[in-house]
Amino acid sequence: MAFRKRREALRSILSGSTCIRPGSVYDVASIRIAEDLGFELGMFGGSVASLAVLGDPDIALITLTEFAEQIRRMSRASALPVLVDADHGYGNALNVRRTVQEVEAAGAAGLTIEDTLLPQAFGQAKTQLISLEEGVGKMKAALDGRSDPSLVILGRTGAVSITSLDDAIARARAYEAVGVDGLFFTGIKSRGELEALSAATTLPIVLGGAPEEMTALDYLASQRVRIALQGHAPFAAATQAVYETLKALREGTSPKNLKGIASSELTGRVMREAETKARSGEFLGLKK
Ligand SMILES: O=C([O-])CC(=O)C(=O)O
Ligand SMILES: [Mg+2]
C-alpha cells in the first residue's frame with residue numbers, strides 16, 4: 001500500500017467518531033502479526049525503539065538514523081499504517097524539521113513531536129519541558145518539514161503531570177493554533193483532566209496511557225480521543241518468551257520439547273512464505 005494510503009487511513013481514524021487501540025509494534029515480525037490480527041494501526045513507541053534497536057532505556061540515546069531505519073524496515077514489511085513516537089525530534093526545531101523529512105521518507109503514517117526537554121539536563125532528575133514558545137517553534141518546523149501533506153503530525157505534551165493542567169491547556173491550544181493534525185497527551189490521571197483538555201481544544205486526541213477509570217472506549221470517544229495506547233506488552237511478552245526458551249535450552253531441554261514456540265504455520269505467515277513461493281514459481285521457474 002502506498003504510503004499516502006496508509007496516511008489517509010490514519011487520518012480517517014482521527015476524523016472518525018470512535019476510539020481505537022493501536023497494536024504496539026517494534027520490528028518486522030511484530031508489525032506483520034499486528035496487521036494479520038486486524039489492527040487498524042501500529043504504534044512504534046520511542047521506548048520500544050530504544051529497546052529493540054539499542055537494548056537501552058528510553059532516555060533519548062537512539063539516533064534519528066537508527067529510528068528511521070527501523071521504521072523503514074517495518075514499512076517495507078507491512079502495509080499497516082504506523083504512528084511513530086519521534087520523541088522531541090532529536091534536537092531543536094531545525095532538527096525536528098529534519099526528523100519529519102526522514103520519518104516521512106521511511107514510510108510512517110504519522111509522528112508525534114513532544115515538548116519534553118530531552119536529553120535530560122545536567123543535574124536535573126525530574127522531567128522538564130521546553131518553553132511553550134520553543135514548543136510552538138518545533139510544531140511549526142515539523143509542519144514545514146512535511147512534503148506529503150497527508151503525513152499526520154501530532155503535537156504532544158505531558159505538561160499535565162509535569163507543570164499544570166492550565167499549562168497543558170495553553171500548550172495544546174498553541175499547538176492547535178499553528179496547525180498540527182492532532183494532540184497527543186500523556187500523564188493524564190483523571191477524567192476531569194481529560195475533559196478539561198478536550199473542552200479547551202478541537203483537534204482529535206491521542207492518549208498515551210490512562211488510569212483504569214478511563215479505559216472505556218465509548219467514554220474516550222466522547223472526549224474526542226480517537227487512539228488510546230495500551231503500553232508495549234508485545235515487547236515484554238517477546239522478552240519473556242526468549243528468556244524462557246534460552247533458559248530451557250541452557251538447562252538441557254531438547255528443542256522439540258520446548259513450550260510456547262511458534263508453529264511452522266505462524267512462522268510461515270510472519271515471513272510471508274506463501275507470497276515468496278508464488279514469486280518463486282513465477283520468476284524462478286520453481287513449482288508452486
Ligand atoms: O509512544 C508511546 O507508546 C509511549 C511512549 O512515549 C513510549 O513508549 O516511548
Ligand atoms: Mg516515548
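Author: Two strands pair if DSSP finds at least two bridges between them, while helices (H or I, at least four residues) and strands (E, at least two) are DSSP runs, numbered from the N terminus. This is a predicted model, in which local features need pLDDT of at least 70 and side-chain atom pairs count only at pLDDT 80 or more, whereas totals for chains, interfaces and linings use all residues. Residues are numbered from 1 along each chain as its sequence is written, and chains are lettered from A and ligands numbered from 1 in the order in which they are written.

Reader: Which strands stand at the edges of the sheet?

Author: The sheet is an open one of eight strands with parallel pairing, in the order S1-S2-S3-S4-S5-S6-S7-S8. An edge strand has a single partner strand, so one side of it is left without a neighbour in the sheet, and this applies to S1 (23-24) and S8 (225-228).

Reader: Over how many bridges do S3 and S4 pair?

Author: Strands of a sheet pair through backbone hydrogen bonds, either parallel or antiparallel. Here Asp85 stands opposite Thr112 in S4. Strand S3 (residues 82-85) and strand S4 (residues 110-114) pair in the parallel sense, and the number of bridges is three.

Reader: What angle does the direction of H8 make with that of S5?

Author: Helix H8 (residues 165-178) packs on the sheet, where it touches S5 (152-157) and S6 (182-186), contact being counted if the C-beta atoms of two residues, placed from the backbone, lie within 7 Å. Axes are lines fitted to C-alpha atoms, for helices over the stretch in contact, and angles run from 0 to 180 degrees between N-to-C directions. On that scale the direction of H8 and that of S5 make an angle of about 160 degrees.

Reader: How many residues of S4 are buried?

Author: A residue is buried if 20 or more other C-beta atoms, placed from the backbone, lie within 10 Å of its own, exposed if 12 or fewer, and partly exposed in between. Both faces of S4 are covered, with Gly110, Thr112 and Glu114 buried on one side and Leu111 and Ile113 buried on the other. S4 is therefore largely enclosed by the rest of the structure, its buried residues being five of the five.

Reader: How do the residues in the contact of H3 with H4 divide by class?

Author: The axes of helix H3 (residues 46-53) and helix H4 (residues 64-77) come within 11 Å and cross at roughly 95 degrees, which makes H3 roughly perpendicular to H4 (the range for this is 65 to 115 degrees, with under 35 roughly parallel, over 145 roughly antiparallel and the rest oblique). Ala49, Ala52 and Val53 of H3 make the contact with Glu66, Phe67 and Gln70 of H4. Ala, Val, Leu, Ile, Met, Phe, Trp, Tyr, Cys and Pro count as nonpolar, Asp, Glu, Lys and Arg as charged, and the others, Gly among them, as polar. By class, the contact therefore has four nonpolar, one polar and one charged residues.

Reader: Which residues surround ligand 1?

Author: A residue counts as near a molecule or strand if its C-beta atom, placed from the backbone, lies within 6 Å of it. The shell around ligand 1 divides into two nonpolar, five polar and two charged residues. Ligand 1 is surrounded by Met43, Gly45, Gly46, Ser47, Asp58, Asp85, Gly208, Leu229 and His232.

Reader: What is the phi of Asp87?

Author: Most residues other than glycine have a negative phi, and most peptide bonds are trans. Asp87 is found in the loop between S3 and helix H5 (93-105) and is buried, with 26 other C-beta atoms within 10 Å. Its phi is positive, in a residue other than glycine, and lies near 50 degrees.

Reader: What is the omega of the peptide bond from Leu118 to Pro119?

Author: Pro119 lies in the loop between S4 and helix H6 (132-145). The peptide bond that leads to Pro119 from Leu118 is cis, with omega near -15 degrees.

Reader: Which residues does Leu64 touch, not counting those up to four places away in sequence?

Author: Leu64 is found in helix H4 and counts as partly exposed, with 18 C-beta neighbours inside 10 Å. Its C-alpha atom is separated by 9.5 Å from that of Asn95, 31 residues apart along the chain. Beyond four places in sequence, Leu64 touches Tyr90, Thr99 and Glu102.
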